[in-house]
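User: Please take a close look at one part of this model, the surface that faces the DNA, and then set it beside the contact between the protein chains. I would like one connected account.

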Number of protein chains: 2
Amino acid sequence: MALINPTHQEAVTTADKVFEKMQQAIVEGKIIAGSKISEPELAKQYQISRSTLREALNRLEKCHLVERKANVGSRVVECTIEGLLEIYVVREALEGMACRQAAINMTDEDILEMQTMLKQHASSQALQDGVAYYQEEGDLDFHYKVILGSHNQQLINILCGQLYHLVRMYRFQFGMNSPRASRAFDEHSRIIEAIADRDGELAELLMRRHIAASRKNIEKKIAEKNIQQATK
Amino acid sequence: MALINPTHQEAVTTADKVFEKMQQAIVEGKIIAGSKISEPELAKQYQISRSTLREALNRLEKCHLVERKANVGSRVVECTIEGLLEIYVVREALEGMACRQAAINMTDEDILEMQTMLKQHASSQALQDGVAYYQEEGDLDFHYKVILGSHNQQLINILCGQLYHLVRMYRFQFGMNSPRASRAFDEHSRIIEAIADRDGELAELLMRRHIAASRKNIEKKIAEKNIQQATK
DNA sequence: CTAAGTTAAATTGTCGACAATTCTCTGGTT
DNA sequence: AACCAGAGAATTGTCGACAATTTAACTTAG
């Protein structure tokens with residue numbers, strides 16, 4: 001899985017390593033969302049000093065996984081429906097623009113690589129129970145490559161550096177295995193086609209529709225759940 | 001000047017105060033862009049310990065004003081033309097979306113307040129040498145209010161918390177007093193009109209054109225300067 | 001004179017202790 | 001019984017010192 005972030009420089013210092021461990025733990029819910037973080041307790045747990053832990057907390061704050069208030073402490077960010085929808089709105093805007101830029105700035109080799117990647121996903125999806133795979137890793141991988149293809153460092157930083165892990169957290173904790181996999185695949189195909197045609201306007205439009213469709217799908221689910229609860 | 005960020009919580013701790021001072025110093029170029037930051041030196045300069053200074057540096061890193069490499073140190077971010085254009089691309093996407101959301105989520109009172117604010121700007125602009133004023137503060141103020149009007153916390157965080165100070169830095173250091181002030185005023189008026197009409201699609205379109213126009217204006221200037229240099 | 005290797009200085013990362021603030025629990029008053 | 005006040009405990013912010021790493025300066029071989 002070539003899901004490696006060029007922005008992401010490998011962890012050399014101990015604070016980095018603890019940061020990565022905590023990041024994973026938060027994404028997977030092992031450190032539960034919304035809970036308060038006790039510096040002394042976690043420092044003891046990870047066998048490090050409080051200063052080092054605070055350094056790690058600062059990096060978690062940078063990717064919006066924890067929030068801190070002065071003289072009060074840090075809390076893990078909460079997973080709310082509103083928060084999830086807000087992220088989709090931001091992604092629609094930013095990934096749409098990234099797609100437009102990718103149509104301008106991606107090299108022919110990059111495009112070819114993405115096309116072959118999509119074919120691989122298609123076969124492995126058809127082969128076995130690939131729906132989950134596709135939805136989990138393949139989808140992120142696709143979006144990732146488009147973002148990198150924009151060659152816009154600001155876009156890459158915001159989307160891959162900050163929002164990426166928040167998205168992963170929501171996927172993990174809300175269990176996003178929606179039945180949109182096959183439709184998503186078609187949408188991905190058309191997006192790559194537009195990029196290959198160097199049609200930035202269409203590429204942006206398609207990507208925005210693609211993400212908006214996911215958001216509306218979630219909104220629909222929520223609405224259904226609310227009706228269910230109201231009528232019982 | 002009601003340019004207060006609700007995101008921005010006032011500085012209570014000393015690290016916060018140093019952070020704000022350094023932020024201002026970087027924006028104004030008193031700490032020169034691209035220069036390396038010496039922790040011991042700055043700690044002595046601000047009369048604080050290195051730990052506190054590092055805390056401040058972490059916050060500067062959060063709003064992308066400094067960059068840090070492990071075991072090497074921190075550098076003030078550089079102001080490059082490419083970086084400026086990248087920011088405009090991100091702003092076009094995000095503020096466009098913020099504008100669309102503002103058309104949905106702003107209250108009638110908020111809209112009325114923005115309309116009166118714009119009229120004030122108009123009169124004070126016509127009154128005296130308001131062009132600079134409008135361009136410097138008024139423009140930021142307008143964009144600020146639209147962003148807040150989106151009521152999307154993610155959008156607000158990214159635009160007001162992170163990009164805002166970078167934009168200020170570029171304005172200050174590149175001396176953006178372009179002659180687009182009067183045209184910008186008309187564009188602002190139309191944007192508010194669209195928001196008042198609750199026409200999110202149009203509001204987004206107009207905001208994107210507004211920002212794209214600024215970007216193209218800069219690109220044109222750069223091109224002219226390059227030709228000048230080439231022919232002399 | 002250049003280039004590589006080695007040593008010394010400087011800088012960054014980490015630690016434990018102290019100060020300042022906040023939270024909690026107890027006791028008293030209306 | 002509810003609410004406010006105050007002392008104690010716990011937590012966060014800040015400090016100075018030490019360890020690890022990088023940068024520089026110097027020496028020496030080619």
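Analyst: In this predicted model, a phosphate oxygen of DNA strand D lies 3.2 Å from a polar backbone atom of A:Asn71, and from chain B a polar backbone atom of B:Ser49 is placed 3.0 Å from a phosphate oxygen of DNA strand D. A base is also reached, since a polar side-chain atom of B:Ser51 sits 3.3 Å from a base oxygen of DNA strand D. Taking the atoms of DNA strand D that are within 4 Å of the protein, 68% are sugar or phosphate atoms, and the rest belong to bases.

The surroundings of DNA strand D comprise 19 residues, the closest being A:Arg50 and A:Arg54 on chain A and B:Thr13, B:Thr14 and B:Thr52 on chain B. By class, the residues of this surface near DNA strand D are 7 nonpolar, 8 polar and 4 charged. Several elements each supply at least two residues to the surface: on chain A these are strand E1 (36–37), helix H2 (39–45) and helix H3 (50–62), and on chain B they are helix H1 (14–27) and helix H3 (50–62).

As for the contact between the chains, 34 residues of chain A are in contact with 34 residues of chain B. Between them, chain A and chain B bury about 2700 Å², of which 53% is on carbon and sulfur atoms. Within chain A, the residues that lose the most area to chain B are A:Lys62, A:Glu86 and A:Gln154, which together make up 20% of what that side buries.

Across the interface of chain A and chain B there are 8 salt bridges by the rule applied, and the side chains of B:Lys62 and A:Glu61 form a salt bridge with an N to O distance of 3.0 Å. The count of residue pairs in polar contact between chain A and chain B, both residues at pLDDT 80 or more, is 15. On the side of chain A that touches chain B, H3, helix H4 (81–105), helix H7 (153–174) and helix H9 (200–231) of chain A each supply at least two residues, with H4(A) giving the most, 10 residues. By class, that side of chain A has 12 nonpolar, 11 polar and 11 charged residues. Helix H3 (50–62) of chain A thus appears in both settings, as a supplier of at least two residues to the surface near DNA strand D and of at least two to the side of chain A that touches chain B.

Terms used: Residues are numbered from 1 along each chain as its sequence is written. Chains are lettered from A and ligands numbered from 1 in the order in which they are written. This is a predicted model: local features need pLDDT of at least 70, side-chain atom pairs count only at pLDDT 80 or more; totals for chains, interfaces and linings use all residues. Side-chain values use heavy atoms; hydrogens and water are left out. A residue is near a molecule or strand if one of its heavy atoms lies within 4 Å of it. A polar contact is a pair of N or O atoms within 3.5 Å; within protein, one must be able to donate a hydrogen and the other to accept it, and residues adjacent in sequence count only if both atoms are side-chain atoms. Helices (H or I, at least four residues) and strands (E, at least two) are DSSP runs, numbered from the N terminus. Ala, Val, Leu, Ile, Met, Phe, Trp, Tyr, Cys and Pro count as nonpolar, Asp, Glu, Lys and Arg as charged, and the others, Gly among them, as polar. Contact means heavy atoms within 4.5 Å. Buried area is the accessible area (1.4 Å probe) that two parts lose on being put together, summed over both. A salt bridge is a side-chain nitrogen of Lys or Arg within 4 Å of a carboxyl oxygen of Asp or Glu.
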